[in-house]
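Got the model open in your viewer? Here's a short walk through it, one selection at a time.

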Amino acid sequence: MKNKEKIFLELVDKHKGIIYKISNSYCADSEDRKDVIQEIIIQLWSSYDSYDPKFKISTWIYRISLNTAISFYRKNKLRKAKTSPLSSTIVSSKEAEKELCEDPNIAKLQEFILELREIEKALILLYLDGISQKEIAEIVGISQTNAGTKMYKKNTA
Amino acid sequence: MNDQKLFALWESQNQKLEETLKLNKKLVREITKGQLRDTIGSLRSPKLFALLIAIPYTLLLCFFVFIGKQAGAPFVVFGFGLIALIMTALIIGYLYHIYLINQIQGTDEISKVQKQIAELKVSSFNLTRLAVLQLPLWSICWISLDVLKSSPFLYGGVNLLIFLLLSYIAYWLYQRLNVQNSNSKVYKFFYSGNEWDPIIKSSHILEQIKEYDS
């Protein structure tokens with residue numbers, strides 16, 4: 001059990017960037033971001049035993065993280081109290097937040113992503129992370145041609 | 001901004017994150033010990049709670065139907081019988097939802113999972129709409145056959161008027177409590193933002209997924 005926890009911790013640590021970027025792109029509010037990160041980690045842990053090795057570990061993380069972020073809804077105070085016994089966030093970077101806010105281009109890009117619709121956000125995040133069209137299709141569950149066409153339309157918009 | 005600049009910008013963000021991002025291991029350990037709740041579980045709990053209330057309530061309605069039949073009260077049998085039928089449909093709906101929740105796997109493709117969640121939320125909302133239809137039936141349950149026979153016009157007329165009025169209100173609510181009428185004041189009366197937002201969002205996600213299906 002301890003070994004499993006250790007491997008999971010290392011896995012989350014290695015891919016914390018994906019989780020952080022997804023939560024940033026789906027939640028403008030910092031409190032919501034904390035909640036969505038927490039929910040992503042809970043979902044990763046509860047699905048950890050059912051990981052299918054035929055997929056890359058990053059595909060698995062993207063799927064769970066995006067699914068959780070897309071279906072995340074602002075919670076009421078009561079539920080918030082139940083889900084967040086600790087006020088601190090799981091994945092954070094004060095320095096990065098400050099720098100990202102200070103860079104007007106990155107701030108503009110974040111603003112643009114936040115305005116996109118849920119599925120479009122997923123596609124653009126995967127595209128910017130350099131994920132191949134084949135893998136994007138696998139993660140999102142659309143055909144490879146459809147993924148390519150939609151990305152082309154988004155780029156030319 | 002062209003693609004190359006966009007990638008360079010994204011990459012610079014990645015680098016900054018890579019250098020400074022910190023993981024709160026203590027909190028992750030809390031999760032691995034099961035001390036924090038999960039989202040899918042939170043979808044299941046309200047359904048189970050609703051079933052816990054709805055099943056004994058429906059059994060009570062069936063008991064009234066049985067008593068009404070024994071006492072020869074046709075309106076009691078008809079009114080409570082129809083309410084029990086609507087409640088049975090709601091119970092079946094909720095049981096089916098619990099089955100659907102168990103089918104949802106966060107590890108599946110985004111379009112599949114989001115479609116399942118969105119359909120579940122919209123369907124839950126439609127079941128709530130169905131519950132509104134029992135409103136006029138409550139005016140039938142209390143009609144006494146003996147009084148109706150002795151005063152068919154006055155007693156019968158008043159009860160008919162109440163039944164028609166409640167039927168109109170139920171129909172009006174059923175029509176207005178529609179996903180397409182999200183800006184209606186009726187919604188704001190029945191649903192607060194926290195309850196309504198997920199349903200609106202779900203219907204929007206369903207529309208987006210349809211675009212990708214085509």
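## Start in the core

This is a predicted model, and a good first selection is its largest nonpolar core, which holds 47 residues. Pick out Ile41(A), Ala122(A), Leu123(A), Leu126(A), Ile136(A) and Val140(A): these are the members that touch the most others in that core. Next, colour the elements that give two or more residues to it. In chain A, those are helices H2 (16–26), H3 (30–47), H4 (57–70), H8 (118–128) and H9 (133–140). In chain B, they are helices H2 (25–32), H5 (110–132) and H9 (193–213). H8(A) gives the most, with 8 residues.

Now zoom in on Leu126(A). Which residues is Leu126(A) in contact with, leaving aside its neighbours within four places in sequence? You should find Tyr62(A), Ile131(A), Ile136(A) and Ile139(A).

There's a second, separate core too, made of 15 residues. To locate it, select Phe80(B), Leu137(B), Ile140(B) and Cys141(B), which are among its members.

## Zoom out to chain A

Show chain A as a cartoon and you get 10 helices and 1 strand. Trace the chain from the N terminus and the order is α-α-α-α-α-β-α-α-α-α-α. Of its 157 residues, 38% are buried. Look at contacts in chain A with a separation of 6 or more, and 65% of them join residues 24 or more positions apart.

## Where chain A meets chain B

Select the residues of each chain that touch the other: 55 from chain A are in contact with 42 from chain B. On the chain A side, the largest share comes from H3(A), with 8 residues. Colour that side by class and you'll see 25 nonpolar, 19 polar and 11 charged residues.

While you're there, go to strand E1 of chain A (residues 91–92) and strand E1 of chain B (residues 22–23). These two pair in the antiparallel sense over 2 bridges. Click on Ser92(A), and opposite it stands Lys22(B) in E1(B).

## Last stop: colour by confidence

Switch chain A to pLDDT colouring. The average is 81, and 78% of the residues score at least 70. Where in chain A is confidence lowest, and where is it highest? The low end is helix H5 of chain A (residues 77–83), at a mean of 47, while H4(A) has the highest, at 93. Finish by selecting residues 76–87 of chain A: pLDDT stays under 50 there, and the model has 11 contacts beyond four places in sequence for this stretch.

Note on methods
Residues are numbered from 1 along each chain as its sequence is written. Chains are lettered from A and ligands numbered from 1 in the order in which they are written. This is a predicted model: local features need pLDDT of at least 70, side-chain atom pairs count only at pLDDT 80 or more; totals for chains, interfaces and linings use all residues. A nonpolar core is a set of buried Ala, Val, Leu, Ile, Met, Phe, Trp, Tyr and Cys residues joined through C-beta atoms within 7 Å. A residue is buried if 20 or more other C-beta atoms lie within 10 Å of its own, exposed if 12 or fewer, and partly exposed in between; C-beta atoms are placed from the backbone. Helices (H or I, at least four residues) and strands (E, at least two) are DSSP runs, numbered from the N terminus. Two residues are in contact if their C-beta atoms, placed from the backbone, lie within 7 Å. pLDDT is the predictor's confidence in each residue, from 0 to 100. Ala, Val, Leu, Ile, Met, Phe, Trp, Tyr, Cys and Pro count as nonpolar, Asp, Glu, Lys and Arg as charged, and the others, Gly among them, as polar. Two strands pair if DSSP finds at least two bridges between them.
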